[in-house]
Amino acid sequence: MEQAWWKEAVVYQIYPRSFMDSNGDGIGDLNGITSKLDYLKELGVDVLWLSPVYQSPNDDNGYDISDYRAIMEEFGTMEDFDRMLRGIHERGMKLVMDLVVNHTSDEHAWFVESRSARENPYRDYYIWREGKDGKEPNNWGSCFSGSAWQHDEATDMYYLHLFSKKQPDLNWDNPKVREEVFSMMTWWCEKGIDGFRMDVISLISKEPGLPDGEVLPGESYAVCPCANGPHAHEYLQEMNRKVLSRYDLMTVGECAGVTVEEAKKYASLDGKELNMVFQFEHVDLDGGKYGKWTDRRVNLREFKQVMTSWQTGLEGKAWNSLFLGNHDQPRSVSRFGNDAPEYREICAKMLATCLHMLKGTPYVYQGEELGMKNCPFSGIEDYRDIESINAFRTLTGEGKIAPEDMLRYLALRSRDNARTPMQWDDSVNAGFSSGTPWIMVNPDYTEINAARELADPDSVFHYYRQLIALRKQEKIIVHGVYELLEPESESLYVYTRTLGEEKLLVICNFTAGEEEYRIPREFVSGSVLTGNYGRTTVEETVCLKPYEALVIHTGGQA
Ligand code: TEU
Ligand code: CA
């Protein structure tokens, strides 16, 4: 059991555009974040991860960076950043920055040079190819609809963009690109930041020759076969030698397409690459023919299987990140639970318990600690997200999905569900902004808001606070070994954690019905560590209430 601060930590993700607007322009900003640091301190989180705050034309809300060493004007200045960082450190918290280096903005100086001429010294910073028979160089599709290739008039060649056409992919096989990225990272480390969340870092090494991929039935383009490419680990080890190992950092790789076997390399405990990865298997379970655009629900047995394969697969070898939501996912209580008024709070607490008692570093996405839910968007004009808007146009335009169905899928799945403003209080615009917010505020803010929850000891907020505090007291929550019980149950997620003589039993009822469960004998004499119904005694058979979560501790001294 190797200790490390990033294993013990709880991370809170901030989406700066939607967190707190300090100057009334309708856009969240750095001074807004600084003004809410005491709130975050009270919640008890250790690390703040900020989605990108760098200069950007905002085609993809900051994930398209035009200058890595400047702050986005809408978010403030470098002085504001320095003040925020000091404020975070003064409160004993740490700051993790988003590192988006699979691609830049097409407005980045490197790309402006690169596209200007075939002989430009920056040409090879990006991935340029000749067309094939007057068409794209291969059949890869962009994650944001359409081809992954954009024809460029100036030189009559195509450049690769796995995301929007304003996000050209960097050519990591060029050593100069790697040196540029490493020196930029060093610059931020010297400023005193505490880590990086690395955007789609699993995609940086493209298959040599850029071969066609498999086109799934019903699709027009292939899913790019770019994940975990041939040099991905080599490049990350180089980054580790040249930058990461020289500082005391927390690093998490966002690894689309990662498998347990690959994760053991990315996040190996020998510290040669990253500390941990985000995997996506559990949030891809409710996908369908058109990817995320369906109304399918996650099946609990499959969910348990996936979580278990990561828990047991990485045990003793690598480290998990634990999340149910982020800025790319719908609200977790709506998606994995039940956001009906009578269940929303109890269910948000159950999901939190289920996640935070697993082995790995838990991530709380802004508003999750309030049990914020999906937003009742009505028409396509309510959406701001490029992925949602492009998918709507393409899938309805090609007649694959009827507009009314697509709107229903968007309401369930759009990334914008997680991007509506943080709900601070019941004043106008939820206290987020005195101006007109860049995206609609969820109208439920009069009921669901931080001020109200801070004042209510039974709130979702205080439940999270208590869960986070428990992690500081009980080593077993950080280090205990996981084991799944009742794999076949369609309603209960039951697992144990074991550390020496100590054991935890975690029981979560994922249904709105009552469920009987016979407590395994060794836990019958145990004590309740926490739960969302205030239960204090352990019986041989418990009748679990709707969405009940119960954690029982036995052995050692609790
Ligand atoms: O997301 C990468 C990613 O894997 C996407 O496919 C993601 O799953 C997508 O949003 C599906 O809905 C990262 C960022 O988190 C995302 O916000 C960016 O748009 C993307 O990279 C490009 O930088
Ligand atoms: Ca602002």
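Here, contact means heavy atoms within 4.5 Å. The model is predicted.

**The sheet**

Strands of a sheet pair through backbone hydrogen bonds, either parallel or antiparallel. This model has an open sheet of five strands, and its pairing is antiparallel. The strand order is β14-β15-β16-β20-β18. Two edge strands, β14 (481-485) and β18 (527-531), each pair on one side only. On average, neighbouring strands of this sheet are turned by 20 degrees against each other, direction ignored.

Take one pair from the sheet. Strand β15 and strand β16 are joined over eight bridges, in the antiparallel sense. In this pair, Leu 492 stands opposite Asn 509 in β16.

A helix also meets the sheet. Helix α9 (residues 300-314) lies across β14 and β15. Its direction is at about 15 degrees to β15.

**The helix pair**

Two packed helices are described by the angle between their axes and the distance between the axes. For helix α12 and helix α13, the axes come within 10 Å and cross at roughly 155 degrees. Angles over 145 degrees count as roughly antiparallel, so α12 and α13 are roughly antiparallel to each other. The crossing of α12 past α13 is right-handed.

These residues meet across the pair:

| Helix | Residue range | Residues in the contact |
|---|---|---|
| α12 | residues 386-397 | Ser 388, Ala 391, Phe 392, Leu 395, Thr 396 |
| α13 | residues 403-413 | Pro 403, Met 406, Leu 407, Leu 410 |

By class, the contact of α12 with α13 has seven nonpolar and two polar residues. It has no charged residues.

Definitions and conventions. Residues are numbered from 1 along each chain as its sequence is written. Chains are lettered from A and ligands numbered from 1 in the order in which they are written. This is a predicted model: local features need pLDDT of at least 70, side-chain atom pairs count only at pLDDT 80 or more; totals for chains, interfaces and linings use all residues. Side-chain values use heavy atoms; hydrogens and water are left out. Two strands pair if DSSP finds at least two bridges between them. Helices (H or I, at least four residues) and strands (E, at least two) are DSSP runs, numbered from the N terminus. Axes are lines fitted to C-alpha atoms, for helices over the stretch in contact, and angles run from 0 to 180 degrees between N-to-C directions. Angles under 35 degrees count as roughly parallel, over 145 as roughly antiparallel, 65 to 115 as roughly perpendicular and the rest as oblique. A crossing is left-handed if the near helix is turned anticlockwise from the far one by less than a right angle, and right-handed if clockwise. Ala, Val, Leu, Ile, Met, Phe, Trp, Tyr, Cys and Pro count as nonpolar, Asp, Glu, Lys and Arg as charged, and the others, Gly among them, as polar.
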